[in-house]
Amino acid sequence: MTEKTEQLQQWIQKSSRVVFFGGAGVSTESGIPDFRSVDGLYHQKYDYPPETILSHSFFQRNTEEFYRFYKDKMLALDVQPNMAHRRLAEWEASGHLKAVVTQNIDGLHQKAGSREVLELHGSVHRNYCTRCHKFYDAAYIKAADGVPRCSCGGVIKPDVVLYEEGLDDTTIRRSIEHISNADVLIIGGTSLVVYPAAGLIDYFRGDHLVVINKSVTSRDRFADLVIDDSIGKAFGEIKVE
Ligand code: NAD
């Protein structure tokens, strides 16, 4: 155990108001690529940049192309939570952690047992018909040939926040409540460049701001503790009662 993880362990142990704010880097150790790491999706070659494909207007105009990318790269259904997801679920169950606020859409925090999960960008596990609003699960989307369609004939859209779309008001309000009431805020596995999500951490007024990220973030210089290492490894060293 390093001095840094030992410090973090002490803060978590003493607190009952830890909040975690995370992103795609939390799930890379489960085998889901993030966007901005060297082997992330932004460094792979596609006909269009990923932020174009994952935009509202592209979904409307090129639905088939959108689904080709989405099913291939974003819809990983056979993945398992890693140490980072599991530790966060444990800390919630033992009364130390209040909430996970995540930019991820993979549902792995819930799969690990976390209960209070605020999904700022939605979830691949919820899908709706754009015509009649009937619900479909992710397996239906994955199995569909081409563009998934509802029994009414309408196009089904994942309940994920695409570029050009707004975030859900209730999710933002609850995230702000949790972050502003936290005494320890752990930011992990996120480049902190996607707004408005990244701006929510400005509501933190607590005692200890922690950043765990493999690369430098804009918040490192404001943090009380910066761990530039794998989040699964760092959390794996921490044991709280
Ligand atoms: P990002 O790709 O911009 O940044 C990920 C950050 O995590 C990078 O700074 C990287 O250095 C770091 N990182 C990667 N693996 C790590 C590890 N094991 N331990 C510690 N740090 C690690 O991701 P973002 O900031 O979340 O923004 C991208 C957007 O794309 C988000 O909106 C997110 O919803 C979406 N996205 C989600 C998933 C998912 O649901 N798993 C996957 C890809 C992208």
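This passage describes the ligand site, the two largest pockets and two backbone features of a predicted model.

The ligand is considered first. A shell of 28 residues surrounds the ligand. Glu29, Arg36, Gln103, His121 and Ser191 come nearest. By class, the shell holds eight nonpolar, 14 polar and six charged residues.

Several polar atoms of the protein lie beside nitrogen or oxygen atoms of the ligand. Asp106 places a polar side-chain atom 2.7 Å from a ligand nitrogen. The backbone also takes part. A backbone N or O atom of Gly25 lies 3.5 Å from a nitrogen atom of the ligand. At Gly189, a polar backbone atom is 3.4 Å from a ligand oxygen. On its own, the ligand has 850 Å² of accessible area, and the protein covers 96% of that area.

The ligand takes up the space of the largest pocket. The volume of this pocket is about 1,000 Å³. Its lining comprises 47 residues. Closest to the centre of the pocket are Gly23, Ala24, Asp34, Phe35 and Asn104. Helix H4, residues 63-74, provides the largest share of the lining, with three residues. The lining divides into 21 nonpolar, 16 polar and ten charged residues.

The second largest pocket holds about 200 Å³ of space. It is lined by 14 residues. Glu119, Gly122, Arg126, Asp168 and Thr171 lie nearest its centre. Three strands each give two or more residues to this lining: S3 (117-119), S4 (122-129) and S6 (156-160). Strand S3 supplies the largest share, three residues. In terms of class, six lining residues of the second largest pocket are nonpolar, three are polar and five are charged.

Two backbone features remain. Most residues other than glycine have a negative phi, and most peptide bonds are trans. His133 is not a glycine, yet its phi is positive, at about 70 degrees. This histidine, His133, sits in the loop between S4 and strand S5 (135-136). Strand S4 is also one of the elements that line the second largest pocket.

The other feature is a cis peptide bond. It joins Tyr195 and Pro196, with omega at about 10 degrees. Pro196 belongs to the loop that runs between strand S7 (184-188) and strand S8 (208-212).

In summary, the ligand occupies the largest pocket, and 96% of its accessible area is covered by the protein. The second largest pocket draws on strands S3, S4 and S6. The backbone shows a positive phi at His133 and a cis bond between Tyr195 and Pro196.

Conventions. Residues are numbered from 1 along each chain as its sequence is written. This is a predicted model: local features need pLDDT of at least 70, side-chain atom pairs count only at pLDDT 80 or more; totals for chains, interfaces and linings use all residues. Side-chain values use heavy atoms; hydrogens and water are left out. A residue is near a molecule or strand if one of its heavy atoms lies within 4 Å of it. A polar contact is a pair of N or O atoms within 3.5 Å; within protein, one must be able to donate a hydrogen and the other to accept it, and residues adjacent in sequence count only if both atoms are side-chain atoms. Accessible areas come from the Shrake-Rupley method with a 1.4 Å probe; for residues, only the protein chains shown count as cover. On a 1 Å grid over the protein atoms alone, a cavity is a set of points where a 1.4 Å probe fits but cannot get out, and a pocket is an open set with protein on both sides within 12 Å along at least five of seven lines; lining residues have an atom within 4 Å of a point. A molecule sits in a cavity or pocket if more than half of its atoms lie within 2 Å of its grid points. Ala, Val, Leu, Ile, Met, Phe, Trp, Tyr, Cys and Pro count as nonpolar, Asp, Glu, Lys and Arg as charged, and the others, Gly among them, as polar. Grid points are joined across faces, edges and corners, and a volume is the space filled by probe spheres set on the points. Helices (H or I, at least four residues) and strands (E, at least two) are DSSP runs, numbered from the N terminus.
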